[in-house]
Amino acid sequence: MRCHRALRLPRSVLLQAVLTSFLGTALVLAAAPAQAQSPAPSTWQGVWRGTIGQAPVQVCLDRDFGAYYYLKHLKIISLGPLDRPTNSATLPVWSESPYGRTPGKGPLWRIAPLDDHHLQGVWQSGSRTLPLRLQRVPVPQTSTSAGESPCGSVAFSAPRYTRPVVTTRPATLMGRTYTRVQVDPGRQFEDSSIETFQLPGDSPEIRRVNAALSRPVPRSREDAAHFACSRAALGQSGLDGAISTTLTPLILTPGWLVVQNSTSVTCGGAHPSAGVDYQTWDLRHGAVVDLYSWFTATALHRERPRPPAGAGAGTDREADAFDLPPTYTPAFRRLIEAAYPRHDADCRDAARSTTFWSPHLTARGMAFTPEMPHVVQACAEDAEIPFARLAPSLTPAARRTFEAFLSEVRAAGGR
């Protein structure tokens with residue numbers, strides 16, 4: 001499945017991408033020269049557990065932000081310092097509305113250290129005050145946690161992970177049944193969601209397909225993308241993150257499956273990411289179809305493009321890790337651009353400057369999804385080309401396979 005670089009991530013590698021970004025940053029910080037690192041952490045920075053009044057809470061405090069949650073509710077409440085004491089050993093006054101229009105109008109925390117392992121103070125909301133008592137939670141220093149914010153640590157977020165609730169319901173597409181699968185990660189992750197589906201059958205081929213379709217469903221905390229995303233966002237700002245992915249069948253025949261993967265990611269960084277990618281399965285062989293292999297040399301450059309300069313891909317093996325798709329010949333690009341549905345000048349310019357167009361099968365022919373940067377994502381619409389216009393650019397074997405696919409779609413009532 002091809003993706004929008006830095007914007008559209010195939011769900012099968014989404015967790016890896018989140019973790020690579022999150023943990024890779026931590027490792028870079030840990031390996032940086034001492035003079036380039038942030039000041040040494042104050043004794044009050046870290047993960048804490050205690051009470052506000054009688055209510056148990058889990059807290060993280062970093063130099064410029066913090067967060068906490070009630071162990072009963074598990075929902076993140078962000079913290080921000082109202083002042084910057086000149087003495088790093090002195091705690092600032094913390095506000096529970098650091099990013100609102102009126103910072104400091106929310107409840108305030110006034111806390112001080114008793115020793116390296118205990119904090120105490122007062123939680124104040126208007127005239128109401130409650131005692132606040134905290135005890136340090138140990139944060140194991142592993143090779144992957146060195147340099148990370150306490151707010152991004154497993155130690156802070158571990159109690160938030162609860163076993164997701166999975167529900168199923170029957171569905172039908174093109175006269176064939178399948179099962180929708182919905183995963184609820186919990187009310188504490190209310191902005192995250194997972195929806196996928198499963199096909200009926202127990203053949204080795206169908207089992208391979210279903211195994212791939214079930215990859216978004218977390219089996220444990222370690223492979224839960226919503227948990228990794230939350231940690232990544234918390235470690236950058238003290239705000240919670242969210243990730244949603246929906247796998248939907250668009251075409252389902254006895255021999256073919258076309259899947260749409262819609263993904264939305266807010267795991268920190270300057271912008272959220274959202275997009276759609278596709279995957280085509282040959283159900284008779286239980287294998288993903290490489291549609292690029294269907295094109296002749298008149299349509300497709302066989303030599304894969306190199307990663308951009310400075311991307312750290314100095315060898316062929318490193319370049320392979322970028323998985324850049326092939327590019328099209330100028331003649332075939334003109335065919336794609338002619339089919340591009342937007343006519344406004346800005347989007348036409350964006351389409352002309354787009355390097356990668358990912359193909360997927362449709363009931364009429366093939367659609368090409370442009371891989372556009374964030375600033376022009378509104379222009380990322382598919383260019384659909386009917387089979388008759390594509391045929392001269394396909395190999396003889398691909399034309400025969402394509403005709404068989406279209407015949408099955410027509411027989412199933414597809415348009």
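User: What makes A345 and D346 of helix α7 exposed rather than buried?
Analyst: Exposed stands for over 50% relative accessible area, buried for under 20%, and partly exposed for what lies in between (1.4 Å probe, protein chains only). A345 and D346 are exposed, on the other side of α7 from C347, R348, A350 and A351, its buried residues. This is a predicted model, in which local features need pLDDT of at least 70, side-chain atom pairs count only at pLDDT 80 or more, and totals for chains, interfaces and linings use all residues. Residues are numbered from 1 along each chain as its sequence is written, and side-chain values use heavy atoms, without hydrogens and water.

User: Why are the buried residues of α7 said to be on the same side?
Analyst: The arc is taken from the directions that lead from the helix axis to the C-beta atoms. Here the buried residues span only 160 degrees, so they are on the same side of α7. They pack against α6 (330-339) and β16 (357-361).

User: How do you know that β12 and β13 pair?
Analyst: Pairing requires that DSSP finds at least two bridges between two strands. β12 (residues 242-252) and β13 (residues 256-266) have 10 bridges, in the antiparallel sense, so they pair by that definition. I243 has V265 in β13 as its bridge partner.

User: Why do β9 and β15 stand at the edges of the sheet?
Analyst: The open sheet runs β9-β10-β11-β12-β13-β14-β15, with mixed pairing. β9 (165-173) and β15 (287-288) each have a single partner strand, so one side of each lacks a neighbour in the sheet.

Notes: Helices (H or I, at least four residues) and strands (E, at least two) are DSSP runs, numbered from the N terminus. Contact means heavy atoms within 4.5 Å.
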